[in-house]
Amino acid sequence: MMGSMKSAGAVCAMLLVVVFSAGAQDAGPPDGQAARRLLLVVTRAGNSTLAANDIQLLSRSILMQVQKATSEVVVVESPGSPADVSQTALEQAAKGAGADSWLSVAASGSWTALKLGVKSFDLISSSMVMDISVSRGEWQSALDLALEPWDEIVRPVAGHYHFVQTVASPQGARLARLTIAAIPGTTIDGLGSPALVADENGTASRDVPVPREYTLHARLRGHSVVSSSIFVSGDRVVKLEQHPISSWALDFSLQDQAYPGVGLSWSPLPGIVAIELQVTSYLVGVSLGTAELFSSAPVTDVALQAGIYLPFQPRLIRAYTMLGVSVRIDSPLQSPLSLDALSPFAVKAMVGGELALSERGSFFLEYAPAAYFTAVPLLLQAALGPGNAPPGWLFTSGVGFNLLSFRAGFRWQL
Amino acid sequence: MKRDLFLLAAAAFLVSCSPVPYDAGLTESARTVAKLTQDTPSPVSVDLFTDSIETIVGFYPRLTTTGFDYGTGFVVSENGAQTIVRAVSLDPSSGILRDYGFSSVSIPNQAPPMPSWVAWPTKDTPAFNAWLSIQTFDSLDPVANDTFAQFEVQAGSPPTFLFPGISSPSHLIQTQTGFSGLLMGASFDADTSGAQDNEFWLVRQTAGPGFVEFQSPASSAGIILSSLRSSGYPYALSFIPPGSTQVQYFYDENQAGDPARHPNASFALWQDGGHWVCYRWAEDPPNSGVYPFVQIPIDHRIDAMLSTGQLFSTEGGTGRLYDRDGALLATFALGNLQFLSEEYVGGQARMYFSQLLSYNQQVHFNVYWIPTASLATLGN
């Protein structure tokens, strides 16, 4: 035991000298860039005769050589020996340590017959960088660690991990590296200007002031907007779960704050073009601000409408415009169905905005003027009541225009 | 941004309270209106001098030899207890027909749904001095000296109430005017071949075996009571329940050149157990002592005997056209269309309807027509 402690002390002294020498070579990342953060986890396999101190020495040796080989990686040691070294557990441990990658070394055998299982995973690109076995059979003791370059391990690490782009930070603020893993081309808002865009490897990084909570909005054409609130206190990797926009959506709405409607839309170009079948019933309506709370008319509108979203790129708030035609059905609960005699057809235009509330749900509000075609315009006007025509209603021969109509509701992607 | 969106949504909700363009009566009528010819150049605006809550039923404009004159007429309304007929005439300054608070007659309503007024179809020969006449009479539970009034719209302003029953006893249809009975129903036949029309009455005898028919010529001078006579043979119509107090009556006078309408036929309807029943009888064969009568399958209130020999019902806002055998020829929605009368204009028999349109805080009427011969096409 004493011998082991002595050798450990000697190795630490040698490693310290090498680390300082390696640190002297580190001129730091260029402006606007930051080093990758690699979590190093060295564990002992069940059949190993190595002691805990030996594992620690082994870990420091590898750390030292990696740091010596590249200044583009900052090695972060695991605070303890994790019980679970599965890929998922290591990924979580890396995130918890503010690292964007991990290097796992599983040691088995003895100093004279050492075998290492080495793996490294890049959380940003979600790719396995290395999965190799390393053997050392000529060593006598831990002292041999001092001269071990670990080339099989260091070269792949240094070759893969490079500086990532950052932005300037507020004067005096403490910065941390926030790395976003997303589908290549994804635009990420919420981390300052300009917006981040995930590169071809699917990563985007930026040094951000910490500690602070950030709300990210990730958008990619054809995909739902992903919103996520994260707290950043140190270097951290966040992987975004992005899903393609569904071709189908269901919405529930109120027209003119009173009448319920349901719509089913299909999109040949998800997120860009939509075709919707919408049914609005006037059988039961809520009349706020009037003497009677509920109103009812045995009429149901069935509309077929199509339109586009602008811009095509998804945003937290997007505008859209649609045009449609509707038929008005009398007494929809009776058979046979018949078209409304006052105005059987209408043309509707819609200009609206859609606010993404979640990945699949959104709130929408649209201005929806309509032109009601009629063979009996005076009857259509009289049907609005004995008073003056309500605000927004205009009548010409053959057409009644409702220029003050709105619809609000929620839309869910199916 | 979220706050802005919220404010926008709130503003939209505050201003957006648009009603649904729907009215049951108008909607039901719209399909029929689209097939009718609008007679009024534009809707006629009417302003009534009343404080009571009334349901306006119809507008009867003045009839001329070339059609209706919308500068004067009658407005018929109901307030639950009474049917009120008001004479209205044009206020040149406003272009609105007004009643000025006078020239009105109220007829007490009794058990509905019996109509308490009928329109008198007239022909348009100039010699006849075309006019539209409305008779109102309390046929619901008649007693001696019941109100009976005949109103006519003639040239002049305001229109005149001719022969109001109370003030002109000579024109009352009462026991002292030629028959011993109570007027139950009246029917008019526009005789286009003569200078006079014929009016037929169904009378419940006060001292006899039941119901009998009378007839009298009528002209622009009114009903010629001096020519009052029994219609056909004065046999009692024993098939009409003797105690009936609500009976509708129509008479189809023989039309030359129309063999299908031989012989002349009379029709009477009353309610039996809440359902309308209709009987038809004829004068022929003469001298039999018994009228050949038959129940025909009409189970709705009849409002007019048409020049085509067809019977027309508007009960429940639905137009129903029957032939003289009671076969249903056509059904169509009327909604709030009010049947006015059948009139001859330009030698053509037309069915006239008025429709109440309330908008812009004003009561308006539109009047529509369709040739009587085409009435059945409304059911297509």
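**Notes on a predicted two-chain model**

1. Let's start with how far to trust this. In chain A, confidence bottoms out in helix 1 (residues 2–25), with a mean of 40, and peaks in strand 25 (residues 370–373) of chain A, at 94. Keep in mind that this is a predicted model. Across chain A the mean pLDDT is 82, and 86% of the residues reach 70 or more. Over residues 1–26 of chain A, pLDDT stays under 50, and for that stretch the model has 27 contacts beyond four places in sequence.

2. Next, have a look at where the chains meet. How many residues does each chain bring to the contact? Chain A puts in 38 residues and chain B puts in 28 residues. On the chain A side, at least two residues each come from strand 21 (317–330), strand 23 (345–356), helix 5 (377–382), strand 27 (399–402) and strand 28 (406–413). Helix 5 of chain A gives the most to that side, with five residues. Sorted by class, the side of chain A that touches chain B has 23 nonpolar, twelve polar and three charged residues.

3. Now find helix 2 (residues 24–33) of chain B, which is mostly covered: eight of its ten residues are buried. Among them are B:Leu26, B:Thr27 and B:Ala30. What do the buried residues of this helix pack against? From chain A there are strand 21 and helix 5. From chain B there are strand 23 (328–333), strand 24, strand 25 (348–359) and strand 26 (362–371).

4. A:Leu342 is a nice residue to click on. Setting aside neighbours within four places in sequence, A:Leu342 is in contact with residues of chain A including A:Leu379, A:Leu380 and A:Ala383, and with residues of chain B including B:Leu26, B:Thr27 and B:Ala30. A:Leu342 is also one of the residues with the most contacts inside the largest nonpolar core, which has 88 residues. Others on that list include A:Leu379, B:Val46 and B:Phe267. Strand 25 of chain B gives the most to this core, with six residues. Apart from that core lies another, of 62 residues, among them A:Ala35, A:Val41, A:Ala142 and A:Leu240.

5. Is B:Phe339 buried, exposed or partly exposed? B:Phe339 is partly exposed because it has 18 C-beta neighbours inside 10 Å, and 20 or more would be needed to call it buried. You'll find B:Phe339 in strand 24 (residues 337–345) of chain B. Not counting residues up to four places away in sequence, B:Phe339 touches B:Asp303, B:Ala304, B:Thr314 and B:Phe353. Its C-alpha atom is 9.7 Å from that of B:Trp369, with the two residues 30 apart along the chain.

6. Two sheets of chain A make good practice. One is an open sheet of four strands, in the order 10-9-12-13, with antiparallel pairing. Its edges are strand 10 (196–197) and strand 13 (226–232), each of which pairs on one side only. Strand 12 (residues 212–219) and strand 13 of chain A pair over seven bridges, and A:Ala218 stands opposite A:Val226.

7. The other open sheet has three strands, in the order 11-8-14 (chain A), and its pairing is mixed. Strand 11 (203–209) and strand 14 (236–239) are the edge strands. On average, neighbouring strands here are turned by 25° against each other, direction ignored. Strand 8 (residues 175–181) and strand 11 of chain A run antiparallel, joined over seven bridges. To spot the pairing, look for A:Ile180 opposite A:Ala204.

Conventions
Residues are numbered from 1 along each chain as its sequence is written. Chains are lettered from A and ligands numbered from 1 in the order in which they are written. This is a predicted model: local features need pLDDT of at least 70, side-chain atom pairs count only at pLDDT 80 or more; totals for chains, interfaces and linings use all residues. Two residues are in contact if their C-beta atoms, placed from the backbone, lie within 7 Å. Ala, Val, Leu, Ile, Met, Phe, Trp, Tyr, Cys and Pro count as nonpolar, Asp, Glu, Lys and Arg as charged, and the others, Gly among them, as polar. Two strands pair if DSSP finds at least two bridges between them. pLDDT is the predictor's confidence in each residue, from 0 to 100. A residue is buried if 20 or more other C-beta atoms lie within 10 Å of its own, exposed if 12 or fewer, and partly exposed in between; C-beta atoms are placed from the backbone. A nonpolar core is a set of buried Ala, Val, Leu, Ile, Met, Phe, Trp, Tyr and Cys residues joined through C-beta atoms within 7 Å. Axes are lines fitted to C-alpha atoms, for helices over the stretch in contact, and angles run from 0 to 180 degrees between N-to-C directions.
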